[in-house]
Amino acid sequence: MTHLPIDISQPFYRTFPLPCPYVEGRMEQRVFTVLASGDSAPLFDLLSRAGFRRSLNTVYQPSCPECEACVPVRILAHDFTPGRSFRRVLRANSDLRAKLLPAHATREQYNLFSRYLKSRHSDGEMANMSWEQYLAFAEDSPAETFIAEFRDPDSRGISESESEGELLAACIIDDLSDGLSAVYSFFDPQEERRGLGNFMLLWLVEKARNMGLSHVYPGYWIANCQKMSYKTRFHPLERLTKGGWKPFTSE
């Protein structure tokens, strides 16, 4: 577990060991705390910069006695320049209309979220999340949280929101003092050719830069984990070590 730079009276707890969803044959444990909304925003900001991640109002960090595979990483927004493959992703999605909205869950988002999970993560713990659970997932936050929606303006629906175009992707985002944290992103699995996961991260980097923020926090990286490998393509990248944030190397 990362040592925090100040003393905190907030109680922390450790989960029971469970099978790791990322590294076969290993057990996972987490250190976590529950933050109330309102005056906990400064503490949440500090914990986020110390390598913690958020789910609802719970802030957690892997703390496995025999494993340190999960590495917090962050993108240096001001120094990032998209390479050739990322420029192709940007061109492929130049027709989409992006909008940054308050963290208000909608049924349209939930339907897309459910399709994404059933297609990409059907064996995960979130696969059967109900509407009520998604509502809390999107809105129950100790931080200032937004949802970015990405729509195809040429594909019109019936409802008021769909009149702006079909919702193809969305990302739940926490606003930190030094950057934007991608809490969770999801997209239409039938639009995989667009590279929407990478596109949303590229959009976040540009948004952070325009807001005068220095970092984008995409979560943890794990060596030899295919689901995490895309994060190392976003250079320059930093990783959190016992000595603080350092330039990323996979060794």
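Against which strands do the buried residues of H1 pack? In this predicted model, the buried residues of helix H1, which spans residues 41–49, are Leu43, Phe44, Asp45, Leu46, Leu47 and Ser48, and they pack against strand E4 (30–34), E5, E6, E10 and strand E12 (215–221). Helix H1 is followed by Gly51, a residue whose phi is positive, near 100°.

Several of these strands belong to an open sheet of four, arranged in the order E1-E4-E6-E5 and paired in the antiparallel sense. Its edges are taken by strand E1 (13–14) and strand E5 (53–55), and because each of them has a single partner strand, one side of each is left without a neighbour in the sheet. Within this sheet, E4 and E6 are joined in antiparallel fashion over five bridges, and Val31 is the residue that stands opposite Gln61 in E6. On the other pairing, three bridges join E5 to E6, again with the strands running antiparallel; here Arg53 has Tyr60 of E6 as its bridge partner, while Ser55 is partnered by Thr58 of E6. The hairpin of E5 and E6 has two residues between the strands, and in it Leu56 takes a positive phi near 60°.

Strand E6 deserves a separate look. Four of its five residues are buried, so E6 is largely enclosed by the rest of the structure. Gln61 has its place in this strand, which covers residues 58–62, and Gln61 is buried, with a relative accessible area of 4%. A polar atom of the Gln61 side chain lies 3.2 Å from the backbone oxygen of Ala50, a separation that falls within the 3.5 Å allowed for a polar contact.

The other strands named in the packing of H1, E10 and E12, lead to a second open sheet, in which eight strands follow the order E8-E9-E10-E11-E12-E7-E13-E14 with mixed pairing. Strand E8 (97–102) and strand E14 (244–247) stand at the edges of this sheet, each with a single partner strand, so that one side of each is left without a neighbour. From one strand to the next, the twist averages 35°. Strand E10 (residues 166–175) and strand E11 (residues 179–187) run antiparallel and are joined by seven bridges, and Ile172 stands opposite Tyr184 in E11.

Helix H4 lies across three strands of this sheet, namely strand E9 (144–152), E10 and E11, and it runs at about 115° to E9. How, then, do the axes of H3 and H4 cross? The axes of helix H3 (residues 107–120) and helix H4 (residues 131–139) come within 10 Å and cross at roughly 105°, and H3 and H4 are therefore roughly perpendicular to each other. In the contact between these helices, Arg107, Gln109, Tyr110 and Phe113 in H3 meet Trp131, Tyr134 and Phe137 in H4. The residues of this contact divide into five nonpolar, one polar and one charged.

Notes
Residues are numbered from 1 along each chain as its sequence is written. This is a predicted model: local features need pLDDT of at least 70, side-chain atom pairs count only at pLDDT 80 or more; totals for chains, interfaces and linings use all residues. Side-chain values use heavy atoms; hydrogens and water are left out. Buried means under 20% relative accessible area, exposed over 50%, partly exposed in between (1.4 Å probe, protein chains only). A polar contact is a pair of N or O atoms within 3.5 Å; within protein, one must be able to donate a hydrogen and the other to accept it, and residues adjacent in sequence count only if both atoms are side-chain atoms. Axes are lines fitted to C-alpha atoms, for helices over the stretch in contact, and angles run from 0 to 180 degrees between N-to-C directions. Angles under 35 degrees count as roughly parallel, over 145 as roughly antiparallel, 65 to 115 as roughly perpendicular and the rest as oblique. Contact means heavy atoms within 4.5 Å. Ala, Val, Leu, Ile, Met, Phe, Trp, Tyr, Cys and Pro count as nonpolar, Asp, Glu, Lys and Arg as charged, and the others, Gly among them, as polar. Two strands pair if DSSP finds at least two bridges between them.
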